[in-house]
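Subject: Structure for your review

Hello,

I am handing over the structure we discussed. My notes on its empty spaces, one helix and the aromatic contacts follow below.

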Amino acid sequence: MTKAAVQSSSAPAIAAFLLVAKKARFSPFVLLSLLFMLLFSFLYGEELAALIGQRDRPHSSDLDVNLSAGGHQQPAETEAGWTTKKKRWQGRLPFAVNEEDEDEECDVFSGSWVKDEAAHPLYREEECPYIPPQLTCQAQGRPDRGYQSWRWQPHDCTLPAFNATQMLETLRDKRMMFVGDSLNRGQFTSMVCLLQSAIPSPEARSFEASPDQQHTVFTARDYNATVEFYWAPFLLQSNADDAVLHKISDRTVRNGSIAHHGRHWEGADVLVFNTYLWWCSGLRFRIMNGPIEEAKEEEMVWVSTEEAYGMAFRDMLQWVRDNMDFNSTRVFFTSMSPTHGKSQDWGDAPGGNCYNETAMIEDAEYWGTDSRRSVMRVIREILDGDGADVPVTFLNITQLSMYRKDAHTSIYKKQWNPLTPEQIADPRTYADCVHWCLPGLQDTWNELLYTKLFYP
């Protein structure tokens, strides 16, 4: 409707108003003021409302990709439109030991690395029999140990010391499960090594994997507690679900298939999810609407990687809503683990990577080009919007791990195939700049998990 139409249709109303005002003997000043306000609202009401609405919207340039577990930022605008913000879950998180009225809050993910040879590493590689040969860097010939001796120091507080006995008591008669890819398996292995140090008797613990290697279980028998890992690199069903043979270039996930893997997570008391690296095969990702086993071209659709990732993240949250009791269980999500495959990112000559790197990156603002800020934004937009009702504790390990180009397994891991002459001549060509040595960086991830479990 145009302004002219509004003016024409408003004439009878104004006349009626004048008649009523005359009978009520209003003063001329009050009468004119009221008349002016009425006319202004007819003429400019919609424009004023739109102006106010536009002013209140956050600008995309103001978005901060750094997430904290305690409080997310305002909902952000996405390509698909504005997110629907749900009421944030209000309640005391299980396993918390801090007082409810404690107002002091510390961002434990913002800090710096300090050398601490007295207390780190938290265990020795040879003392933990559960580390796979892909992560035993010392046994595979790494000559230096400096990467093991760093402690993460938040700017405004100090992390509590990891107490394996307290953790085991908390997990008594319970299940902790890590769900995700090989990086989450590394964090799982780190947790097992941290806990087994408090179980000196080999008969009091066990470590078993399913025949297909998809499900691994560490049991602390005296506590009737298990720490488990379940392989699901996309969380959804995919064509890369084989825990051993999964090197597939045309990666595909099945839409709406969270229950395919989720049935194995039921009953867990503490869940630690991760998913990121497997999505980063390009700018677009292939989604299957039908069964993965019967892939048909007409049932496939290509979407942006961010859209596909958001779909999986929302499905994970819905599974948590349907299957977890927020009053007795906890859910964590570990942010993306950075890689260090481009030496020019940290100012070195092009062509290098993490190979032969023994010092960390000191630039506090460093962000490698291998890590997608857009994925971090997707997570934040969902947790601020339609996922705000799910009490997920976000372990923001990305920035603190970004500095640690020294901590990768590099060439110091078991090689399943003989090296070629070209690889032997140039070790950079087969250096693993994705995974991390143990003991090492991922022990810090678990120190942060421990902190947020008890002091959320």
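A residue is called buried here when its relative accessible area is under 20%. W319, at 5% relative accessibility, therefore counts as buried. Please keep in mind that this is a predicted model.

Aromatic pairs

W319 has a ring partner. The structure holds 20 aromatic pairs, and one of them joins W265 and W319 edge-to-face, with 5.2 Å centre to centre and 70° between the planes. W265 sits in the loop between α5 (258-262) and β10 (270-273), while W319 belongs to helix α6 (residues 305-323), so this pair ties together parts that are 54 residues apart in sequence. Like W319, W265 is buried, with a relative accessible area of 0%.

A second pair is made by W279 and F285: their ring centres are 4.9 Å apart and their planes stand at 45°, so this pair is tilted. Both W279 and F285 are buried. Elsewhere, ring pairs link Y130, F178, F188, F207, F218 and F229 into a cluster.

Charges over rings

Two arginines place their charged ends over tryptophan rings. R373 sits over the ring of W367, 4.3 Å from the ring centre. R404 does so over W113, at 4.7 Å from the centre of that ring.

Helix α7

R373 is also where helix α7 (residues 373-384) begins. This helix has 12 residues and reaches 16 Å from its first C-alpha to its last, close to the 16 Å expected at 1.5 Å a residue. Is α7 mostly covered or mostly exposed? It is mostly covered, with 9 of its 12 residues buried. The buried residues are V375, M376, V378, I379, R380, E381, I382, L383 and D384, a list that includes the charged residues R380, E381 and D384.

Largest pocket

The largest pocket holds about 1400 Å³ of space. Its lining consists of 41 residues, and those nearest the centre are Q134, H246, K413, W416 and H435. Which elements give two or more residues to this lining? They are α4 (182-196), β6 (205-209) and β16 (432-436). The largest share, 6 residues, comes from α4. By class, the lining of this pocket divides into 22 nonpolar, 12 polar and 7 charged residues.

Cavities

How many cavities of 30 Å³ or more are there? The count comes to 3. The largest cavity has about 70 Å³ of space. It is lined by 13 residues, of which H120, Q148, W150, G440 and D443 lie nearest its centre. Helix α10 (residues 441-454) supplies the largest share of that lining, 4 residues. The classes in the lining of the largest cavity are 6 nonpolar, 4 polar and 3 charged.

The second largest cavity has a volume of about 40 Å³. Its lining is made up of L93, V320, F326, T329, R330, V331, V390, P391 and V392. In this lining, 7 residues are nonpolar, 1 is polar and 1 is charged; the polar residue is T329 and the charged residue is R330. V320 falls within helix α6 (residues 305-323), the helix that carries W319.

Regards

Terms used:
Residues are numbered from 1 along each chain as its sequence is written. This is a predicted model: local features need pLDDT of at least 70, side-chain atom pairs count only at pLDDT 80 or more; totals for chains, interfaces and linings use all residues. Side-chain values use heavy atoms; hydrogens and water are left out. On a 1 Å grid over the protein atoms alone, a cavity is a set of points where a 1.4 Å probe fits but cannot get out, and a pocket is an open set with protein on both sides within 12 Å along at least five of seven lines; lining residues have an atom within 4 Å of a point. Grid points are joined across faces, edges and corners, and a volume is the space filled by probe spheres set on the points. The expected span of a helix is 1.5 Å times one less than its number of residues. Buried means under 20% relative accessible area, exposed over 50%, partly exposed in between (1.4 Å probe, protein chains only). Rings of Phe, Tyr and Trp (its six-membered ring) pair if their centres lie within 6.5 Å; planes under 30 degrees apart count as stacked, over 60 as edge-to-face and the rest as tilted. A charge sits over a ring if NZ of Lys or CZ of Arg is within 6 Å of the ring centre and within 35 degrees of the ring normal.
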